[in-house]
Amino acid sequence: MPRLILLRHGQSQWNLENRFTGWVDVDLTEEGEAQARRGGELIAEAGFRPAVMFTSVLKRARRTGALALQSAGLKEVPTVEDWRLNERHYGGLTGLNKAETAARHGEDQVLVWRRSYDVPPPPLAPGGEYDFTADPRYVGKDIPDTESLKTTLDRVQPYWDAEIAPRLKAGEDVLIAAHGNSLRAIVKLLFAVPDDRIVGVEIPTGNPLEIDLDADLKPTGARYLDEGRAESLPPLP
């Protein structure tokens, strides 16, 4: 039966600065690089050898995946990049400090924007510093100007169905190096997590989440490879 590992990128510079990052292409910190390498060591210790790695187009996910594969002695594993595995688009919150935003708009409102399932932040104004429409990676793509977790899942699921699920159904093991919210969307999909409970699912940076799947891609087991940094997991469906 196939195995899947979900690997959230290591700590980024804007994680460290407590800013809403979304699609801004910030890099890993030294700690984030160390987390990625440690993730690779844990992958090797688990005897996991993926046939392919899927990742977003953002460097913090791409570098995390590459560092993990290198650390695991798996540099030859092919990589497939796609923007549909990007982090959630934080709209008009992009680039803002989270604490300052809470002070300005109120903690309750920011909590709704951050943690509700289907309420997105205000849209990103066109033409500003974080307008991604002219980025060559997204030209010709129907990209959002803000997203909730629900609309993040709406773009992740078709990519999962078309590109990732067929590899798993063919019996291949797969690694996905991506982001807190795009991976949370996959967890919701696989574990059938209710809307009101998925917002409480946390995925720690750089800690590989190994999921055992049956032939229908239903989880039969799941564990974080670094038990000391593990978060609680949804019950098996």
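**Entry 1: cavity lining**

I sorted the residues lining the largest cavity by character and obtained 2 nonpolar, 2 polar and 4 charged. The model I examined is a predicted one. By name, the lining consists of Arg88, Arg114, Arg115, Ser116, Leu149, Asn181, Arg184 and Val199. I then asked which helices each supply at least two residues of this lining. They are helix 5, spanning 107-115, and helix 7, spanning 180-191. For the volume of the largest cavity I noted about 40 Å³. My search of the whole structure returned 1 cavity of 30 Å³ or more.

**Entry 2: helix 4**

I next looked up burial along helix 4, residues 98-105, and recorded Lys98, Thr101 and Ala102 as buried. These residues lie on the same side of helix 4 because they cover an arc of only 100 degrees around the axis. As general background, an α-helix has 3.6 residues a turn, so residues three or four places apart point the same way. On the other side of helix 4, I found Glu100, Ala103 and Arg104 exposed. What do the buried residues of helix 4 pack against? I identified helix 5 as the partner, the helix that also contributes at least two residues to the lining of the largest cavity.

I inspected both ends of helix 4 as well. At its start, a side-chain oxygen of Asn97 comes to within 2.9 Å of the backbone nitrogen of Ala99. After helix 4 comes Gly106, for which I noted a positive phi, near 95 degrees.

**Entry 3: Asn86**

I located Asn86 in the loop that runs between strand 3 (79-81) and helix 4. Is Asn86 buried or exposed? I classed Asn86 as buried, because its relative accessibility is 0% and the cut-off for burial is under 20%. I looked for a polar partner and found that the Asn86 side chain makes a polar contact with the side chain of Tyr138, at 2.9 Å. Leaving aside residues up to four places away in sequence, I listed the residues that Asn86 touches: Trp23, Ser56, Val57, Leu58, Tyr138, Arg155, His179 and Ser182. Tyr138 thus appears both in this list and as the polar partner.

**Entry 4: Ala66**

Finally, I checked Ala66, which belongs to helix 3, residues 59-71. I recorded Ala66 as partly exposed because its relative accessibility is 43%, and that class lies between the limits of 20% and 50%. I also took the separation of the C-alpha atoms of Ala66 and Arg8, which is 13 Å, the two residues being 58 residues apart along the chain.

How values were computed:
Residues numbered from 1 in each chain as written. Predicted model: local features only at pLDDT ≥ 70, side-chain atom pairs only at ≥ 80, totals over all residues. Heavy atoms only, no water. 1 Å grid on protein atoms, 1.4 Å probe; cavity = no way out; pocket = protein on both sides within 12 Å on 5 of 7 lines; lining within 4 Å. Points joined across faces, edges and corners; volume = space filled by probe spheres on them. Helix = DSSP H or I, 4+ residues; strand = E, 2+ residues; numbered from the N terminus. Nonpolar A, V, L, I, M, F, W, Y, C, P; charged D, E, K, R; others polar. Buried < 20%, exposed > 50% of the residue type's maximum accessible area, 1.4 Å probe, protein only. Arc of directions from axis to C-beta. Contact = heavy atoms within 4.5 Å. Polar contact = N/O pair within 3.5 Å; in protein donor to acceptor, adjacent residues only side chain to side chain.
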